[in-house]
Amino acid sequence: AATKSSLNISATDTVAGYGTLVRVSNGTSNTDIELKVEKEDGSSIIIESETDDYGKAKIDLAGFYTKKAGEYTLQARDVNRNEGFGDETNFNVYPDSVSSSRSYLDLKNTTAAANGNDYSQLNVYLKDRYKNAISGHSVEILSSRLGDEIVRTSSNSYTNEQGMISFNIYSREEGISTLSAHDTTEGSTINDRGEIAFYTPSVKLTEIGGNQTSVSLASVDSGPVSYLEF
């Protein structure tokens, strides 16, 4: 069985889409080595390099490989020896800044009664340019109408691990409300917009007054009913 490599390895934390410098030491001089990079989702890549006269190597891990935020695992081994990969070391890839085009709004209902009680739930998702969720950011919802009421329903005042924060939207005013989300942490506004149509609540029969009765309409042999008039 192959012995575990004695190569030492280290790397600095970075941001999604940006590279990081990997340092390898304690190797033999001028020999081929392999660097194994494993992402949080379990996928991995192998990068080849070579040590210098002192058994060391510096490897620039390009930002192409670090687009997914999370914890990465590194291992190295000497190709010319009968050895397996050495001890693991980790580095973190943090999400990039908020992307106005990748972030979005999700409305559960696009219509609601303008009675001050019915509402539409609005979820805001903050993402970076690689669709990594951005947590810990405060979000403000802006409506095109002053009379709308916006209530945060998330337990925290900032986005969760999925980059989401939730609100309920109420109104007593008929018409269309156009909603936008502003990330107050970074000072950016999401490009996506949400629209809710608030309609007049139906009038109850008790408010109309008079006698209430039931009317049944049936079309037996005469075909479909063409109209009904009171």
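1. Start with Tyr65: at 27% relative accessibility, this residue is partly exposed. Keep in mind as you read on that the model is predicted. The ring partner of Tyr65 is Phe64, with 5.3 Å between the ring centres and 85° between the planes, so this is an edge-to-face pair. Phe64 itself is exposed, at a relative accessible area of 58%.

2. How many aromatic pairs does a search of the whole structure find? The count is 4, and Phe64 with Tyr65 is one of the pairs. As a reminder, a pair of aromatic rings is described by the distance of the centres and the angle of the planes.

3. Another one to look at is Tyr119 with Tyr170, which is tilted: the centres are 5.4 Å apart and the planes make an angle of 50°. This pair links distant parts of the chain, since the two residues are 51 residues apart. Tyr119 sits in the loop between β12 (111-113) and β13 (120-125), while Tyr170 belongs to strand β16. Are these two rings buried or exposed? Tyr170 is buried, with 18% relative accessible area; the cut-off for that label is under 20%. Tyr119, at 38%, counts as partly exposed.

4. Staying with β16, which spans residues 164-170, have a look at Ser166 in that strand. Its relative accessible area is 8%, so Ser166 is buried. What is Ser166 in contact with, once neighbours within four places in sequence are left aside? There is a run of Gln121, Leu122 and Asn123, plus a second run made up of Val151, Arg152, Thr153 and Ser154. Of these, Gln121, Leu122 and Asn123 fall inside the residue range of β13 (120-125).

5. Now the open sheet. It has 5 strands, in the order β3-β10-β8-β5-β6, and the pairing is mixed. The edges are held by β3 (14-15) and β6 (44-50); each has a single partner strand, so one side of each has no neighbour in the sheet. In general, strands of a sheet pair through backbone hydrogen bonds, either parallel or antiparallel.

6. Inside that sheet, how do β5 and β8 run relative to each other? They are antiparallel, with 6 bridges joining β5 (residues 32-38) to β8 (residues 70-78). For a landmark when you rotate the model, find Leu35, which stands opposite Ala76 in β8.

7. One last contact to check is Arg77 with Phe85. The charged end of Arg77 sits over the ring of Phe85, at 5.4 Å from the ring centre. Arg77 also lies within the residue range of β8 (residues 70-78).

Terms used: Residues numbered from 1 in each chain as written. Predicted model: local features only at pLDDT ≥ 70, side-chain atom pairs only at ≥ 80, totals over all residues. Heavy atoms only, no water. Pairing = 2+ DSSP bridges. Helix = DSSP H or I, 4+ residues; strand = E, 2+ residues; numbered from the N terminus. Buried < 20%, exposed > 50% of the residue type's maximum accessible area, 1.4 Å probe, protein only. Contact = heavy atoms within 4.5 Å. Phe/Tyr/Trp six-rings, centres within 6.5 Å; stacked < 30°, edge-to-face > 60°. Lys NZ or Arg CZ within 6 Å of the ring centre and 35° of its normal.
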